Amino acid sequence: MIAKTEKIWMDGKFVDWDKATVHILTHTLQYGLGVFEGIRCYETDKGPAIFQLDEHIERLFNSAHIFLLDIPYSKEEIKGAIIKTVRMNEVKECYIRPLVYIGYGSIGLYPKDNPIKVAIAVWPWGAYLGDKGLKEGIRIKTSSFIRNHVNASMSRAKVCGYYVNSQLAKKEAIAYGYDEALLLDTEGYVAEGSGENIFIVRKGMLKTTPLTSILEGITRNSIIEMAHNEGIQVTEERFTRDELYIADEAFFTGTAAEVTPVREADGRRIGNGKPGKITKRLQSLFFDIVRGKNKKYESWLTRI
Ligand code: PPE
């Protein structure tokens, strides 16, 4: 069960958690066109701090732009509302979920004059793939479902409805006893997890999928920049599932998943079956950065 907090921001007003409801014929609920973000706020020794807030706001507005949704607030207003919602709920660490949705009005696929609504909820959310997964690595399964074609789902946008594809893959992976799914693209190359980007390590170098059929993960971008600064070479290049099988290391990245090592794929052990050296090094750097322990990356944090 989701860990409740006090208030949810809905179109400029704070509403009690239990009263944050919508009409059943809300357009987004019927047809899935809404855009959202997932952001994390971490506890630091100078109080809570939000990781890469501006980047997430930028992506939210880009998602809306791609889908011709006119958000009735400025980026500054949304940023202010997010900060206020975190403060108001007095949480030290939380996950932040802004949602832009099409409200109640006309029905049918073309919601001509329906209002565009915005809500921001926050709640404490632990390790997405479990504490054990974060520490010891997870087991993933290549899905029989593929990532949508780029002309079916424009993957630069983070859209509610896209996640039916992710849920098919996730349910299948769980049913087969795995922790998470790996989706391939329409041409059979590795794309991403149901809610994570993927990196592999071979011969000391990092490789991640290019931005064709995947979400441009903000954690992914952060890891690429951190690796550059650490002198670790990164290429953004297509790779096949068998290249993952023979990789020395692999890991998933995402706001929810953070940096989660992958120890097995489709019954094949990755490397020695334990989180690899480079994975552990980047994971520990990541947690130092988000918890405000690394001055060099202070600009990635918004203090509350
Ligand atoms: N790919 C997908 C498909 C995806 O959903 C996410 C985030 C990522 C990559 C990583 O993006 P980023 O968070 O910017 O590094 N998935 C979000 C939703 C998870 C959920 O179950 O809800 C998240 O991690 O917040």
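Which residue forms a salt bridge with Glu-236, and how far apart are the closest N and O atoms? In this predicted model, the partner of Glu-236 is Arg-220, with the closest N and O atoms 2.8 Å apart. Glu-236 belongs to strand S13, residues 234–236, while Arg-220 sits in helix H6, residues 218–229, so the salt bridge ties together parts that are 16 residues apart in sequence. The two ends of this pair have their own surroundings: Glu-236 is partly exposed at 44% relative accessibility, and Arg-220, at 0%, is buried because the cut-off for that class is under 20%. There is also a network, in which salt bridges with shared partners join Arg-202, Lys-207, Glu-237 and Glu-243.

The structure holds 24 salt bridges, and I would like to show two others. Glu-93 and Arg-291 meet through their side chains at 3.2 Å, N to O, and this pair links distant parts of the chain, 198 residues apart, with Glu-93 in the loop between helix H3 and strand S6 and Arg-291 in the loop between helix H8 and strand S17. Both are partly exposed, Glu-93 at 29% and Arg-291 at 25%. Asp-16 and Lys-19 form a salt bridge at 3.8 Å, where Asp-16 is partly exposed at 32% and Lys-19 is exposed at 58%.

Let me turn to the strands. Strand S7, residues 116–123, has seven of its eight residues buried, so S7 is largely enclosed by the rest of the structure. S6 runs antiparallel to S7 and is joined to it by eight bridges, with Pro-98 partnered by Ile-120 in S7. Strand S1, residues 7–10, also pairs with S7 in the antiparallel sense, over two bridges, and Met-10 stands opposite Ala-119 in S7.

Notes:
Residues are numbered from 1 along each chain as its sequence is written. This is a predicted model: local features need pLDDT of at least 70, side-chain atom pairs count only at pLDDT 80 or more; totals for chains, interfaces and linings use all residues. Side-chain values use heavy atoms; hydrogens and water are left out. Buried means under 20% relative accessible area, exposed over 50%, partly exposed in between (1.4 Å probe, protein chains only). Helices (H or I, at least four residues) and strands (E, at least two) are DSSP runs, numbered from the N terminus. Two strands pair if DSSP finds at least two bridges between them. A salt bridge is a side-chain nitrogen of Lys or Arg within 4 Å of a carboxyl oxygen of Asp or Glu.
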